[in-house]
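Me: Here's a chain I'd like to talk through with you. I'm after the reasoning behind the labels, so expect a lot of "why".

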Amino acid sequence: MITVIISENQRMLRGALGTLLSFEEDIDVIGQAANGKEALELIETLSPDVCLLDIEMPVRSGLEVAEELQRKNTAIKIIILTTFARPGYFERALKANVHGYLLKDGPSEDLAEAIRNVMKGKREFASELIFGSIGTENPLTEREQEILALVAAGKTVQEISSTLYLSSGTIRNYISEVLNKLEVKNRIEAISKAQNNGWI
C-alpha cells in the first residue's frame, strides 16, 4: 500500500483529491494539510511514501516544503501540483529534486499512475509545464533574489542592510542591478515581473 499525504490550501480540491485517490486499491491517503507548515508536521509524524504539494500555499509554499525535505535528505517522494507554467517554479522544483511536477487539474487516474511510477523510481513531469518553462531562465543571483524578496515583503533598505549585514549602499547597488537585469523602471515592476515568473 502506498501511503500519501495531500497538502492543498483549497479545501474542496483537497477533499476531492483525497476521495478520488482513496478509490485506488493500492493508495492510502493518510493525511491532509491546508498549508506548508501543516504538511511538514504531518510528514514528520506520519512518514508517508509520497507527499502531494500544491505549489502555492499559505505559511510555506510547496516549493519551500520540497526544499526543506531535500535539506533533510528524506526518502519521501515529492510530487508538486500546480496550475502555473512559470519558469522559476520549474527551475526551483528541479533543484529541490522533486519526483513529479504535474498539472493540478489533470485526471485522478493519471495522478494515481504518476504516484505508482514515482514509487518505482521514475520521474513524472507534465509536458505542458515543461514547455511553458523553457527559454526564460532566472537572471537573478541568489543574493539578488533574496534582496528582492525582502523588498517585496515591505522591508526598507536600512532593514535589509541590518538583516543581511551589508551596507545600505551595497543594498542599493543590488537593487539597481536587479532593475537593470529585469529591464524594469522601478521596484514595483521588478517585484511583479519576478513573482509572475516564479523567480522570488
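Me: What makes Glu24 a contact of Arg116?

Reply: This is a predicted model, so take it in that spirit. A contact means heavy atoms within 4.5 Å. Leaving aside residues up to four places away in sequence, Arg116 touches Glu24, and also Ile2 and Asp26.

Me: And where does Arg116 sit?

Reply: In helix α5, which covers residues 108–119.

Me: Why is Arg116 called buried?

Reply: Its relative accessible area is 19%, and buried means under 20%. So Arg116 falls on the buried side of the cut-off.

Me: How much of the chain counts as buried?

Reply: Of its 200 residues, 44% do.

Me: Now Val59. Why does Val59 count as exposed?

Reply: Exposed means over 50%. Val59 has 59% relative accessibility, so the exposed label applies.

Me: Where is Val59 found, and what does Val59 touch?

Reply: Val59 is in the loop between β3 (50–54) and α3 (62–71). Not counting residues up to four places away in sequence, Val59 touches Asn35, Lys37 and Glu64.

Me: How far apart are the C-alpha atoms of Val59 and Asn180?

Reply: They're separated by 31 Å, with the two residues 121 apart along the chain. For scale, the C-alpha atoms of the chain fill a box of roughly 60 × 35 × 30 Å along the principal axes.

Me: How many helices and strands are there in the chain?

Reply: Ten helices and six strands.

Me: Let's take one helix pair. At what angle do α7 and α9 pack?

Reply: Helix α7 (residues 142–152) and helix α9 (residues 168–182) pack at about 100°, and their axes are 10 Å apart.

Me: Why is α7 called roughly perpendicular to α9?

Reply: Angles of 65 to 115 degrees count as roughly perpendicular. The angle here is about 100°, so α7 is roughly perpendicular to α9.

Me: Which residues make that contact?

Reply: From α7, Arg143, Glu144, Ile147, Leu148 and Val151. The α9 side includes Ile171, Tyr174, Ile175 and Val178, along with Glu177 and Lys181.

Me: What share of the contacts in the chain with a separation of 6 or more comes from residues 24 or more positions apart?

Reply: They account for 64% of those contacts.

Me: Last one, on surface and charge. What does the chain expose, and how far apart are the mean positions of the charges?

Reply: The chain exposes about 10,500 Å², with carbon and sulfur atoms supplying 49% of it. The mean positions of its 22 positive and 29 negative charges are 6 Å apart.

Technical notes: Residues are numbered from 1 along each chain as its sequence is written. This is a predicted model: local features need pLDDT of at least 70, side-chain atom pairs count only at pLDDT 80 or more; totals for chains, interfaces and linings use all residues. Side-chain values use heavy atoms; hydrogens and water are left out. Helices (H or I, at least four residues) and strands (E, at least two) are DSSP runs, numbered from the N terminus. Buried means under 20% relative accessible area, exposed over 50%, partly exposed in between (1.4 Å probe, protein chains only). Accessible areas come from the Shrake-Rupley method with a 1.4 Å probe; for residues, only the protein chains shown count as cover. Lys and Arg count as positive and Asp and Glu as negative; His and the chain ends are not counted. The place of a charge is taken as NZ of Lys, CZ of Arg, CG of Asp or CD of Glu. Axes are lines fitted to C-alpha atoms, for helices over the stretch in contact, and angles run from 0 to 180 degrees between N-to-C directions. Angles under 35 degrees count as roughly parallel, over 145 as roughly antiparallel, 65 to 115 as roughly perpendicular and the rest as oblique.
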